[in-house]
Amino acid sequence: MIPAKFDYVRPSTVDEAVAALVAGGDDAKILGGGQSLMPVLRLRMGEPSVIVDTTRIDEMKGITDAGDAIVIGAGVTHDEVAKSPLVREHLALLAAATEHVADRQIRHRGTMGGAMAHADPAGDQPPVALAMGASFTIAGPGGRRTVPASEFFVDYFTTAVGPDEVLVSVSFPKHTGWSAHYEKLNRTAQAWAIVAAAATVRMDGGAIAEARIGLTNMGPGPIRATAVEQALVGASTMAAIAAAAEQAAEGTSPTEDIHADAEFRKHLARTLTKRAVAKAAGIS
Amino acid sequence: MTEILESAGVIGRPLRRKEDAKLLHGRTNWTDNIQVPGALHMALVRSPMAHARIKKVDLSGALAMPGVVAAYDAASLGDLNANVLCVWPVTDDTVMPPFPALTGDKVRHVGDVVAIVLATDAKSAEDAIAAVDVDYEPLDAVVDMIDAMSPGSALVHDAAANNTCYVYNLGGGYADAAAKADVVIKRRFVNQRIVAGFMEPRAVVAAPMGMSDEMTLWSATQIPHVLRVVLSLSTGIPEQNLRIVAPDVGGGFGGKLQMYREEILALQLARHLGRPVKWNETRSEDMVASHHGRDQIQDIELAATKDGRILGMNVTLLANMGAYLQIITPGTPLLGMFMYCGIYKMDAYQFQCTGVFTNTTPTDAIRGAGRPEATFAIERMMDELAAELGMDPMELRTRNWIQHHEFPFTTAAGLTYDTGNYEAATARALELFGMDELRAEQKRRRESGDPVQLGIGISTFTEMCGLAPSRTLGALKYAAGGWEHCTIRLLPSGKVELVTGTSPHGQGHETAWSQIASDILGIPVEDIDVIHSDTGRAPYGMDTYGSRSLAVGGQAIKKAADRVIENARPIAAHQLECAAEDLDFANGAFSVKGDPEKSVTLGALAWAAFSAHNLPDGIEPMISGAATVDPEDFSYPHGTHLAAIEVDTETGKVRVRSYVAVDDVGNQINPMIVEGQVHGGVAMGIGQALYEGVEYDADGNLLTASLADYLIPSAADLPSFTTDRTVTPSTTHSLGTKGVGEAGAIASTPAIINGIVDALRPMGVTDVLMPASPQNVWRAIQAAKGAGA
């Protein structure tokens with residue numbers, strides 16, 4: 001439980017952080033809230049040569065209204081996200097999913113940006129970012145670039161963020177007036193999702209006008225269930241929702257572990273999608 | 001006949017625990033907090049393979065690392081290597097392979113120890129073990145018990161043919177009973193492997209004491225007294241030169257009822273090097289290195305008449321020993337063999353257990369140790385028999401249980417239960433549970449095809465506590481006895497030192513033992529100091545496990561306190577100028593019969609016995625009382641636990657909606673401590689039913705190596721329990737107490753699984769594998785649908 005030796009730097013700007021990463025080479029790691037990195041260090045599953053602590057970078061903090069989008073600094077904690085009036089008003093699905101991250105203590109320490117960059121396939125927010133069409137601002141030695149969620153999540157624990165880059169913020173298009181529900185199946189309250197379905201819908205006259213669906217832990221990264229989204233347009237009954245949700249597992253190849261095999265995960269994707277949409281739409 | 005203790009005295013009051021202020025303020029003395037100047041830190045090189053021959057161990061890289069003082073493999077450790085001992089060979093031909101602290105020839109489970117490094121600090125030791133180079137030749141791993149016994153299987157130990165450790169038989173006559181039966185049901189249950197999951201990981205500090213020959217070993221153990229004996233036997237260190245201290249210990253649940261190789265290594269190297277040696281395990285090490293528990297395959301048959309009378313029971317077990325035998329590994333499943341009859345009358349009982357070696361972490365006692373497995377089997381079978389007969393499961397139990405007027409009752413397994421009142425506990429539980437309303441809701445949900453079905457889980461359990469009458473242990477070939485000791489000393493100031501041989505690790509003995517002594521001696525609870533868990537200060541004892549501390553140790557306290565009064569009596573008579581038999585003792589003072597104004601307190605007598613200025617002839621200075629009590633019999637707590645279980649049939653997720661536990665643990669010394677034990681026990685048993693389970697892959701790799709994969713429930717996963725007690729005092733224990741440390745964990749597991757099966761039985765489900773995870777529940781439903789189609 002004792003990490004291997006490492007160097008430690010604590011920059012106060014994004015540029016300094018990038019410089020530290022460049023200097024550190026491939027073995028540098030960013031410390032955000034530490035909720036994923038510290039276990040890796042303590043179990044010696046990773047032995048980085050330098051830790052770049054980003055917790056004192058002001059630019060990575062704060063949640064701001066950018067007109068048609070809400071911009072969340074990568075260093076904002078889960079707790080701040082879940083409780084933010086801006087998030088609750090315009091990004092109901094993000095608030096709902098964030099309330100399900102781990103436990104209260106972890107939500108007070110862990111950061112949303114850290115969870116996105118860690119890209120655990122069982123993470124609760126990546127499918128939300130994917131479903132809501134979020135974009136990620138990444139700073140590197142060559143300046144800044146913006147990557148859509150559809151290109152950000154690459155593979156298991158792998159994102160578009162390069163070894164000498166820092167995730168600065170995530171911008172979510174406003175979904176004002178959309179209702180949402182995050183349906184997560186886990187074995188204990190603090191455990192990772194076996195599977196979860198993130199659904200947000202815009203209702204019009206008792207029927208679903210638009211839907212966005214993301215799936216957690218159904219593959220190497222988050223999955224957007226676009227076929228379900230399209231099939232849901234116009235749905236106003238439980239039967240219609242259930243029929244649309246039947247397509248939730250199509251084309252997925254989920255992992256198998258001690259908690260669930262692929263067959264069970266696919267079944268859960270369908271069941272949880274149905275429930276998430278029904279609850280988001282207020283249809284029973 | 002033991003009376004029901006009235007709550008007029010200190011006994012029976014829910015006093016706040018003496019221990020808690022210290023715990024809450026962090027003023028605790030965990031083993032890892034013990035700082036001995038000059039200590040070397042020990043780190044262990046553990047096998048990443050389940051079964052392999054060790055070709056070569058190269059220590060040179062580690063020895064070259066900064067801070068490293070020494071490193072050893074089995075060869076270089078030489079004569080300092082010693083064996084972990086098993087003290088319970090259950091049969092004359094039990095195969096007892098050696099279990100060396102460092103293994104030299106082969107590794108036999110993931111986590112087996114090949115080498116150790118000693119360094120000036122923990123970090124250097126941790127760095128250095130990565131530099132030890134071990135060359136392994138992989139061998140076929142033996143993981144599954146049935147495969148292990150198949151011809152041609154690889155062998156964990158060459159001496160154990162078919163990987164069989166022993167075969168134990170008890171009872172008989174089942175075939176005759178079955179021949180007369182209208183109904184015979186057979187089931188196979190898998191009682192899965194679990195970990196103890198104590199909060200404080202294990203830790204050891206071993207230190208030579210200056211220029212003396214004494215070695216002191218601080219260890220996070222449940223058994224300092226037993227450990228002193230077995231460490232002396234194993235290492236050859238004279239027993240009188242060994243002092244074992246269990247400081248504050250953060251939970252045990254049986255997992256610290258053990259002699260561990262790390263204790264041997266720290267002790268031997270501290271003595272050899274003349275320097276203190278310290279070791280503290282990580283949670284990852286704990287998962288592979290602290291013993292596991294349960295892990296049985298149970299083939300159970302029950303024969304009955306068509307009106308539900310049980311005629312006979314046949315139990316055939318495979319019990320997983322793991323790779324080595326630890327202190328009571330072979331005996332652990334046999335602690336359950338007397339309990340398969342539960343609370344029920346039957347004509348015939350037949351039991352066979354086969355101990356099987358596998359390339360897995362050794363198993364041993366965990367909370368209940370054999371009795372949870374037995375109780376699970378009989379309580380599950382009662383529900384299955386009821387379903388087979390189309391009978392209400394509680395009605396079936398009522399028809400078969402021992403009625404309160406039939407005690408003492410000798411069961412088909414040969415135990416004599418002294419007392420019990422299953423009718424009373426069940427009536428109270430039903431009253432608290434609201435059975436009729438829940439059955440009505442269950443019916444509604446079934447009729448409407450609700451995706452969430454409701455099940456009612458019943459467990460009318462009993463267990464045996466108070467380990468144990470020494471003669472019985474001898475007859476079972478256990479090496480030691482089951483007595484307990486207490487010494488009570490009056491100090492000159494009138495305060496009291498109570499020295500117990502029990503060794504608490506969270507139970508609250510300091511409070512409860514003070515209450516017993518206070519009640520008898522009339523001295524305030526806060527003036528009584530309980531001394532324990534240090535063989536230097538409390539030399540005699542058999543420690544804490546098997547719900548024995550109150551059931552056995554409490555009797556020693558009572559007897560010692562009674563002796564204090566008797567030893568003080570002649571001094572009081574001398575002072576009050578009367579005959580000893582003319583004195584009454586009450587509320588901490590002697591008074592003359594018929595003249596209560598003439599009295600003297602125990603405190604005043606303590607000073608008189610200390611100053612010794614005016615003692616009667618022949619009376620020695622100082623007042624104390626000591627007693628060593630061997631229990632007359634086991635004690636038999638029982639109770640009725642009822643669970644309302646919601647099963648989401650679409651996801652397989654189970655929710656315990658409500659849980660009622662009515663326990664009969666006899667007289668209670670501190671009902672608040674009893675309440676805490678019931679809560680914790682029930683939670684632990686629910687943990688086994690729903691969440692916990694050690695899993696290996698086919699190569700013997702541990703898949704549940706951290707608490708992210710091995711799931712333990714928190715408060716968020718459990719309902720608020722409804723608890724109550726009925727009180728039927730034990731007639732074989734002088735305080736009328738029975739024990740409560742394991743009851744909850746024994747009772748709750750079958751209650752939960754019975755509830756799940758009850759919810760799903762209309763769908764054709766008759767069993768669900770533990771832990772009843774969403775996948776296991778969903779698979780059971782799918783299998784039933786498939787079978788029905």
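Buried residues make up 51% of the 284 residues in chain A, and I should say at once that this figure, like everything that follows, comes from a predicted model. Chain A holds twelve helices and 14 strands, and its C-alpha trace spans about 60 × 45 × 30 Å along the principal axes. A compact globule with 284 residues would have a radius of gyration near 19 Å, and because chain A has 19 Å, the two agree. If we take the contacts in chain A between residues at least 6 apart in sequence, 63% of them join residues at least 24 apart.

Let me turn to chain B, taking the same topics in turn. Of its 789 residues, 58% count as buried, and there are 20 helices and 28 strands in chain B. Along the principal axes, the C-alpha trace of chain B spans about 95 × 70 × 50 Å. For 789 residues the expectation for a compact globule is a radius of gyration near 28 Å, and chain B, with 28 Å, agrees with that. Among the contacts in chain B between residues at least 6 apart in sequence, 80% join residues at least 24 apart.

How many residues does each chain bring to the contact between them? Chain B contributes 23 residues and chain A contributes 17 residues. On the side of chain B that touches chain A, helix H4 (122-129) and helix H20 (774-788) of chain B each supply at least two residues, and H4(B) gives the most, with four residues. Sorted by class, the residues on this side of chain B divide into eight nonpolar, seven polar and eight charged.

I would now like to look at one region within chain B, beginning with a sheet. This is an open sheet of three strands in the order E22-E23-E24 of chain B, with antiparallel pairing. Strand E22 (583-586) and strand E24 (595-601) of chain B stand at the edges, and since each has a single partner strand, one side of each is left without a neighbour in the sheet. Neighbouring strands of this sheet are turned against each other by 30 degrees on average, if direction is ignored. As a general reminder, strands of a sheet pair through backbone hydrogen bonds, either parallel or antiparallel. Here, strand E23 (residues 589-592) of chain B pairs with E24(B) in the antiparallel sense over four bridges, and B:Val592 stands opposite B:Asp595 in E24(B).

Which helix packs on this sheet? Helix H17(B) does, touching E23 and E24 of chain B, and the direction of H17(B) makes about 50 degrees with that of E24(B).

The helix H17 (residues 602-611) of chain B also packs with helix H16 (residues 549-576) of chain B, at an angle of about 90 degrees and with their axes 10 Å apart. Because angles from 65 to 115 degrees count as roughly perpendicular, that is the relation of H16(B) to H17(B). From H16(B), the contact is made by B:Ala568, B:Ile571, B:Ala572 and B:Gln575, and from H17(B) by B:Leu602, B:Leu605, B:Ala608 and B:Ala609. By class, this contact of H16(B) with H17(B) has seven nonpolar residues, one polar residue and no charged residues.

To draw the region together, H17(B) is a helix that packs on the sheet through E23 and E24 of chain B, and H17(B) also packs with H16(B).

Conventions
Residues are numbered from 1 along each chain as its sequence is written. Chains are lettered from A and ligands numbered from 1 in the order in which they are written. This is a predicted model: local features need pLDDT of at least 70, side-chain atom pairs count only at pLDDT 80 or more; totals for chains, interfaces and linings use all residues. Axes are lines fitted to C-alpha atoms, for helices over the stretch in contact, and angles run from 0 to 180 degrees between N-to-C directions. Angles under 35 degrees count as roughly parallel, over 145 as roughly antiparallel, 65 to 115 as roughly perpendicular and the rest as oblique. Two residues are in contact if their C-beta atoms, placed from the backbone, lie within 7 Å. Ala, Val, Leu, Ile, Met, Phe, Trp, Tyr, Cys and Pro count as nonpolar, Asp, Glu, Lys and Arg as charged, and the others, Gly among them, as polar. Two strands pair if DSSP finds at least two bridges between them. The radius of gyration is taken over C-alpha atoms; the globule rule is 2.2 Å times the number of residues to the power 0.38. A residue is buried if 20 or more other C-beta atoms lie within 10 Å of its own, exposed if 12 or fewer, and partly exposed in between; C-beta atoms are placed from the backbone.
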